[in-house]
Each structure stands twice: as structure tokens, then as C-alpha cells.
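These are my notebook entries on one structure, written down in the order in which I looked things up.

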Amino acid sequence: MVTKKRHTGGRFHIRNKYPVMVAVTFLVYIFAFVFMVSFAVMAGPSITAQGNTVATVPNVTGTQAQISYTTTSIENSYVNLGPLILVNNDNSCEIDGVNLTPLYENSNGTYMVADYDVSINSAVLQYVNNLFGDFHQLVGDNDIFVNSAYRSKEIQESIYNTEMQSRADGEMANTGEEFVAKPGYSEHQAGYSFDLSLMDDDGVITQYAGEDKYSWINQNCSKYGFVVRYPETKAQVTGYGFEPWHFRYVGEPHAVYMTQNDLCLEEYITLIKTHTVDMPLYITDLSLNKWVVYYAPAESGNTTRISIPSDREYQISGNNVDGFIVTFKI
Ligand SMILES: [Zn+2]
């Protein structure tokens, strides 16, 4: 009986091994599925199919934002256009100030402008007004004087020739760090930059150093989409000495990221190239808006296909080197 009982018991266990194995296998699948989903969420967007794609990204509140992607086609000549174009001694400016608007007539009256000819890209105008409007509210009347913004290649050529003549005459030391760009290689030609001076009540104009009360402008300009384009510590990278007076518009999320991470535009453009649509750069701006930024290399031929969000506003800017940068808010 005992043997039989044991035998029966053995059979009982053998008979019930199958449901146990099924249950264990099921649990393993569940665990693997949960793990993969968690990993996908942590990793950001996951492309599920070609053409229309869906990505899940974490947003600032911790809940998940769904982004569906589609593709668009863009002409490769647009690589030279947009607020993120890199213009320096190696990358010439291929545009001649598009969509310019005169600053003098359109200023909000909280800063001075040299003359009627000072113009800037019309998309940048409101940010110039906001920056100096807020500064004026903070400190009251001040000496801010915008002495230059867009400069044509011809004007740059005359500035450059004057500078070179001065150096030849020994009036100015050639430091090896440029302060005057070669014609065709100046950021001013793009229309996204401006230079500041100070003009006192007697009309005396002095160099802007971004010091004392004016340091607020240099420290807070990123909130308005501007960066100090040639920082003191980046002369080796930019090729330019410290220019606390030269501001460049790149757009708020980019300006905030560059400032917080101590990157000049050369370094930032290089960094973005490591972030494609599969692994974008997430930026939280100073108003806690969250942004998605990624790079799409220009394809051979005349056009490039770029992934874009199918249901959100987005911006595509060329980098003036070899591709495009997509930016949108989530
Ligand atoms: Zn300048």
C-alpha cells in the first residue's frame, strides 16, 4: 500500500507538472514583456514601422506623450538656411539676410538703434524687443545701443579691408584671434546676430562689456533664444576672441541647452549630430517646456527625407554643414 501510495503520489506530481510549466513559461513571457516596455520607455522613442511610426517619450509630468512620425522631403539647398546655421571661418554664409526687418522702426523703444539700416531677421525681432523690454523694466533707463545686426557681404568686405589696413599700418595688433570675419564668413550676413555698444546721454559711444548691470543681459539672454556667440573660454573652438557684445539667435531650447552645458555653437552642432530621430536630445527650457531635437544628415542628390512629427508643429533648420536639425515641443 505504501509503495502504491508513493507511486500514486508520484503519478500525481507528474500529471501536474505540465500546468506548472505552462504557468512558469507564461510568467517569463509577462516579465520579458514588462521589461521590454520599461526599457523602451526609458530609452525614449522606438520606431515600430517604416513610414508612420509611433514613439513613446517621457514628458515633464511623468506621464507618457505619444509622438507619431511621418516623413517629409526637403531640398538640400536648405542646409544653408535657418536659425541653427553654423557660420565661421570654415563655413561660409550662403545666404544674404533673408526676411529682414528694420530694427529702428520696429523697436519697442526700450533700447537705441544706430540707424535706419540696422536690420534683423523678422522672426528674431520680438525676442530682441522682449529681451531689452524686460531689461528696461528691471533697471530703468539705460545706454543699450544696437550698433549693428545684419551686414551684407559688401559692407563686411569694407570693414575687413579697413581692419587689415590698420593691422598693416601697425595700428592694431594681430592677435591671431579674429574680431573681423572674412567677407562671406560673417555671422552678421545671416541676419540672426546683433552687436551692442553703450551710448550715454551725451551721445558718447563706448564698448559693451556685459558688466555691472548689463551682465543681466549676458546671463539671461538664453531665455529669449540668444547666446553670447564668442565666449571667453571658447576662442580655440570658435576662432574668435571674447566678444561679450555679439549675440546670436538660435532659439530658446537650443540657447538654454548651450548655456547650461557650456557649449559654443560649434560644439553644439557636433553634439546634435549624435542624436538622430531614434535617440533624440531632450531639452527642458526655463519655462519647463520639453523639447525634442534631432539631426538628419543630408542625403546625396537634391533632396533629403526627414522624419517629422505628424501632429505637432516643428522646425527644420539647416546646420550649414551637412544636414538638418528638427526641433519640436512635446
Ligand atoms: Zn558681431
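Before describing how helices lie on strands, I note that contact here means heavy atoms within 4.5 Å. I also keep in mind that the model is predicted.

Entry on the sheet. I looked up an open sheet of four strands and found the order β11-β12-β15-β14, with antiparallel pairing. Its edge strands are β11 (281-284) and β14 (315-318), each of which pairs on one side only. I noted that β11 and β12 (residues 290-297) are joined by four bridges, and that threonine 284 has lysine 290 in β12 as its bridge partner.

Entry on the helices. Helix α7 (residues 252-260) packs on this sheet, where it touches β11, β12, β14 and β15 (323-329), and its direction makes about 90° with that of β11. Helix α8 (residues 265-272) lies across β11, β12 and β15 and runs at about 80° to β12.

Entry on the zinc ion. I found its protein donors to be His188 (NE2), Asp195 through two OD entries, and His246 (ND1), at 2.1 to 2.6 Å from the ion. The arrangement is irregular because the four donor atoms subtend angles of 55 to 152°. Aspartate 195 lies in strand β7 (residues 193-199) and histidine 246 in strand β10 (residues 243-249), so this pair ties together parts that are 51 residues apart in sequence. Both aspartate 195 and histidine 246 are buried.

Entry on lysine 234. Is lysine 234 buried or exposed? Lysine 234 counts as buried, because its relative accessibility is 9% and the cut-off for buried is under 20%. Its side chain makes a polar contact with the side chain of glutamate 267, at 3.0 Å.

Technical notes: Residues are numbered from 1 along each chain as its sequence is written. This is a predicted model: local features need pLDDT of at least 70, side-chain atom pairs count only at pLDDT 80 or more; totals for chains, interfaces and linings use all residues. Side-chain values use heavy atoms; hydrogens and water are left out. Buried means under 20% relative accessible area, exposed over 50%, partly exposed in between (1.4 Å probe, protein chains only). A polar contact is a pair of N or O atoms within 3.5 Å; within protein, one must be able to donate a hydrogen and the other to accept it, and residues adjacent in sequence count only if both atoms are side-chain atoms. Donors are N, O and S atoms within 2.8 Å of the metal (3.2 Å for Na, K and Ca); water is not among the atoms, so sites may look incomplete. Four donors count as tetrahedral if all angles lie between 85 and 135 degrees; four count as square planar and six as octahedral if opposite donors are over 155 degrees apart and all others between 65 and 115; anything else is irregular. Helices (H or I, at least four residues) and strands (E, at least two) are DSSP runs, numbered from the N terminus. Two strands pair if DSSP finds at least two bridges between them. Axes are lines fitted to C-alpha atoms, for helices over the stretch in contact, and angles run from 0 to 180 degrees between N-to-C directions.
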